[in-house]
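This report walks through one protein model, moving from a single helix to the core and then to the pairs of side chains that meet across the fold. Please keep the structure in view while reading.

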Amino acid sequence: MNQTDALDLLIQTDTYLQESKEWLLHSYQICSKIGKKSTYSIVEMDAFEALSSRFARSSDILIQQMFRTIGMVELEPGGSVLDRINRAEKMGYIESAHEVRTIREIRNTIVHEYQHSEIIQLFHDLLDTTPILLESIESTHTYIARYLKK
């Protein structure tokens, strides 16, 4: 892939990530009003299921696609997911590799079969961690703005 193609992919991925962020924010605002509880109604569960799905999707776009694309643009070696997360912290487009690893762990919990007994804790974790994911998306967008100015 040449540099022009990599920049085009960066622009496309950023657009996709920003759209995903808006849906994530929408679900987060709804679930924030519901808050942390020990039990949830069916309607509240549906809202948290939407948040869970949007959290997983947004984190995948950020970590799997955007971090990899930035690496291509900056001619960095690929590496593992952890390598990309650590590089993102080192380059300054995320604040904390530890927090992004936590986001990744929550994403893995969402996409793998989680037990009903764990779902309440997952919802609480989503309320705590979604603002960090949103900030990481925003700081990454700010970091790549220099590439998007054409």
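Which residue just after H3 takes a positive phi? In this model, which is predicted rather than determined by experiment, that residue is Gly 92, whose phi is about 90°.

**Helix H3 and its buried face**

Helix H3 spans residues 81-91, and within this helix Arg 84, Ile 85, Arg 87 and Ala 88 are buried. Looking down the axis of H3, one finds these buried residues within an arc of 165°, so they line one face of the helix. The general background is that an α-helix has 3.6 residues a turn, so residues three or four places apart point the same way. The cover over the buried residues of H3 includes helix H2 (42-73) and helix H4 (97-111).

**The nonpolar core**

The largest nonpolar core has 42 residues, and the members that touch the most others are Phe 48, Phe 55, Leu 62, Phe 67 and Leu 126. At least two residues of this core come from each of helix H1 (3-34), H2, H3, H4 and helix H5 (116-148), while H2 gives the most, with 13 residues.

Phe 48 deserves a longer look. When its neighbours within four places in sequence are left aside, Phe 48 is in contact with Cys 31, Ile 34, Gly 35, Tyr 40, Phe 123, Leu 126 and Leu 127.

**Aromatic pairs around Phe 48**

The structure holds five aromatic pairs. In one of them, the rings of Tyr 40 and Phe 48 have centres 5.0 Å apart and planes at 55°, so the pair is tilted. Tyr 40 is buried, with a relative accessible area of 12%, and Phe 48 counts as buried at 0% relative accessibility. Phe 48 also pairs with Phe 123, this time in a stacked arrangement, with 4.6 Å from centre to centre and 20° between the planes. This second pair links distant parts of the chain, since Phe 48 lies in helix H2 and Phe 123 in helix H5, 75 residues apart. Phe 123 is buried, as Phe 48 is, and ring pairs link Tyr 40, Phe 48 and Phe 123 into a cluster.

**Salt bridges**

Side chains of opposite charge can pair when their charged atoms come close. How many salt bridges does the structure hold? There are six salt bridges, and the table lists three of them.

| Salt bridge | Closest N to O distance |
|---|---|
| Glu 44 and Lys 37 | 2.5 Å |
| Arg 104 and Asp 60 | 3.1 Å |
| Arg 87 and Glu 76 | 3.7 Å |

In the salt bridge between Glu 44 and Lys 37, Glu 44 is buried, with a relative accessible area of 16%, whereas Lys 37 counts as partly exposed at 31% relative accessibility.

Arg 104 forms a salt bridge with Asp 60; Arg 104 lies in helix H4 and Asp 60 in helix H2, so the pair ties together parts that are 44 residues apart in sequence. Arg 104 is itself buried, with a relative accessible area of 14%.

Arg 87 forms a salt bridge with Glu 76, and this pair joins helix H3, which holds Arg 87, to the loop between H2 and H3, which holds Glu 76, the two being 11 residues apart. Arg 87 is buried, with a relative accessible area of 15%, while Glu 76 is partly exposed, at 32%. Finally, Asp 60, Arg 104 and Arg 107 are joined into one network by salt bridges that share partners.

Technical notes. Residues are numbered from 1 along each chain as its sequence is written. This is a predicted model: local features need pLDDT of at least 70, side-chain atom pairs count only at pLDDT 80 or more; totals for chains, interfaces and linings use all residues. Side-chain values use heavy atoms; hydrogens and water are left out. Buried means under 20% relative accessible area, exposed over 50%, partly exposed in between (1.4 Å probe, protein chains only). Helices (H or I, at least four residues) and strands (E, at least two) are DSSP runs, numbered from the N terminus. The arc is that of the directions from the helix axis to the C-beta atoms. Contact means heavy atoms within 4.5 Å. A nonpolar core is a set of buried Ala, Val, Leu, Ile, Met, Phe, Trp, Tyr and Cys residues joined through side-chain atoms within 4.5 Å. A salt bridge is a side-chain nitrogen of Lys or Arg within 4 Å of a carboxyl oxygen of Asp or Glu. Rings of Phe, Tyr and Trp (its six-membered ring) pair if their centres lie within 6.5 Å; planes under 30 degrees apart count as stacked, over 60 as edge-to-face and the rest as tilted.
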